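Subject: Handover of a structure

Dear colleague,

Please find below the structure that I am handing over to you. A summary of what was found in it follows.

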Amino acid sequence: MMPLGLLSAGETGEILAVRTAQAVGGSREEGGRCDCRVEDLGLRVGCTVQMLNNTGGPVLLKVGEARLAVDRCLAMKIMIKGVAR
């Protein structure tokens with residue numbers, strides 16, 4: 001298990017959990033989980049994501065057929081497994 005923000009370009013992984021104590025919108029969720037905006041972006045537990053660009057600043061991801069730019073702080077709170085090229 002590792003943070004999504006540590007993937008290199010071309011690597012893929014499956015989302016296991018989102019570890020945040022505070023929701024993205026500023027409200028606090030029970031149990032330290034945030035599933036509000038993160039899930040709205042399509043970043044759900046069980047989804048496979050591919051890192052397209054991770055050179056500093058926001059990271060560029062491919063989720064399904066969509067491309068997303070995600071803040072690095074948020075990417076470091078998304079835990080993944082199964083890193084592959």
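How much of the accessible surface of the protein chain belongs to carbon and sulfur atoms? The accessible surface comes to about 5,000 Å², and 49% of this belongs to carbon and sulfur atoms. Please bear in mind throughout that this is a predicted model.

Confidence

The mean pLDDT of the protein chain is 83, with 80% of the residues reaching 70 or more. Residues 26-32 deserve caution, as pLDDT stays under 50 there. For this stretch the model has seven contacts beyond four places in sequence.

Overall organisation

Two helices and six strands are present in the protein chain. Their order along the sequence is β-β-α-β-β-β-α-β. Of the 85 residues in the chain, 31% are buried. If one takes the contacts between residues at least 6 apart in sequence, 60% of them join residues at least 24 apart.

The nonpolar core

In soluble globular proteins, nonpolar side chains tend to be buried together. In the present model, the largest nonpolar core has 17 residues, and those touching the most other members are Leu4, Leu43, Leu61, Val70 and Ile78. Two or more residues each come from β2 (12-18), β3 (48-53), β4 (59-63), β5 (66-70), α2 (72-75) and β6 (78-84). The largest contribution is that of β4, which gives three residues.

Ile78 is a useful residue at which to begin an inspection. Setting aside residues up to four places away in sequence, Ile78 touches Met2, Pro3, Leu4, Ile15, Ala17, Val18 and Leu43.

Ala17 and Met76

Ala17, one of the residues touched by Ile78, is found in strand β2. Ala17 counts as partly exposed because its relative accessibility is 23%. Beyond its neighbours within four places in sequence, Ala17 is in contact with Val45, Lys77, Ile78 and Met79. Ala17 and Leu43 are 26 residues apart along the chain, and their C-alpha atoms are separated by 9.7 Å.

Met76 is found in the loop between α2 and β6. With a relative accessibility of 35%, Met76 also counts as partly exposed. In sequence Met76 and Gly5 are 71 residues apart, yet the distance from C-alpha to C-alpha is 4.8 Å. Outside its neighbours within four places in sequence, Met76 is in contact with Pro3, Gly5 and Leu6.

Glu11

Is Glu11, in the loop between β1 (2-3) and β2, buried or exposed? Glu11 is buried, because its relative accessible area is 15% and the cut-off for buried is under 20%. A polar atom of the Glu11 side chain lies 2.8 Å from the backbone nitrogen of Ser8. Leaving out neighbours within four places in sequence, Glu11 is in contact with Val49, Gln50, Met51, Val83, Ala84 and Arg85.

Cysteines

How many disulfides does a search of the whole structure find? The search finds zero disulfides. Cys47 is partly exposed, at a relative accessible area of 22%, whereas Cys73 is exposed, at 53%.

Yours faithfully

Methods: Residues numbered from 1 in each chain as written. Heavy atoms only, no water. Core = buried A, V, L, I, M, F, W, Y, C linked by side-chain atoms within 4.5 Å. Buried < 20%, exposed > 50% of the residue type's maximum accessible area, 1.4 Å probe, protein only. Helix = DSSP H or I, 4+ residues; strand = E, 2+ residues; numbered from the N terminus. Contact = heavy atoms within 4.5 Å. pLDDT = per-residue confidence, 0-100. Areas by Shrake-Rupley, 256 points an atom, 1.4 Å probe, with all protein chains shown as cover. Disulfide = S-S within 2.5 Å. Polar contact = N/O pair within 3.5 Å; in protein donor to acceptor, adjacent residues only side chain to side chain.
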